Amino acid sequence: MNVIPREELDEHLAIKNPYFLKNAFFDILIYKKGDNLYATGTKCPHQGKSLEGCWERNGHIICPVHQYAFSLENGRGHGMYL
């Protein structure tokens with residue numbers, strides 16, 4: 001199991017938010033909004049495109065390919081889930 005100290009994660013997120021955590025076993029997108037951290041996979045369920053380059057708007061992660069919006073709270077958007 002990989003453990004990243006909160007301080008180290010906060011440093012990464014201060015530079016790049018969202019932060020893509022990648023290793024040999026999994027890829028995770030981590031987004032910080034206020035004091036909350038959100039984590040999801042790194043692929044948009046619409047066509048499996050990478051979420052790299054995504055942004056947050058009104059509590060939603062926006063896919064950079066087709067601008068589909070997915071809730072930070074539950075991952076739901078456009079009838080799909082992250």
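1. A disulfide here is a pair of cysteine sulfur atoms within 2.5 Å. By this rule the model has 0 disulfides. In general terms, a disulfide is a covalent bond between the sulfur atoms of two cysteines.

2. The model is predicted: local features need pLDDT of at least 70, side-chain atom pairs count only at pLDDT 80 or more, and totals for chains, interfaces and linings use all residues. Residues are numbered from 1 along each chain as its sequence is written, and side-chain values use heavy atoms, with hydrogens and water left out.

3. Why is cysteine 54 without a bond? The closest cysteine sulfur, in cysteine 63, lies 8.0 Å from the sulfur of cysteine 54, which is too far for a bond. Cysteine 63 is also in no disulfide; the nearest cysteine sulfur to it belongs to cysteine 44, 3.8 Å away.

4. Cysteine 54 has a relative accessible area of 7% and is therefore buried (under 20% relative accessible area, with exposed over 50% and partly exposed in between; 1.4 Å probe, protein chains only). Cysteine 63 is likewise buried, at 1% relative accessibility.

5. An open sheet is made of 3 strands (DSSP runs of E, at least two residues, numbered from the N terminus) in the order β4-β5-β6, with antiparallel pairing. Strands pair if DSSP finds at least two bridges between them. At the edges are β4 (55–57) and β6 (69–71), each pairing on one side only. From one strand to the next the twist averages 35° (axes are lines fitted to C-alpha atoms, and angles run from 0 to 180 degrees between N-to-C directions).

6. Strand β4 is joined to β5 (residues 60–62) by 3 bridges, and the two run antiparallel. Tryptophan 55 has isoleucine 62 as its bridge partner in β5.

Technical notes:
Helix = DSSP H or I, 4+ residues; strand = E, 2+ residues; numbered from the N terminus.
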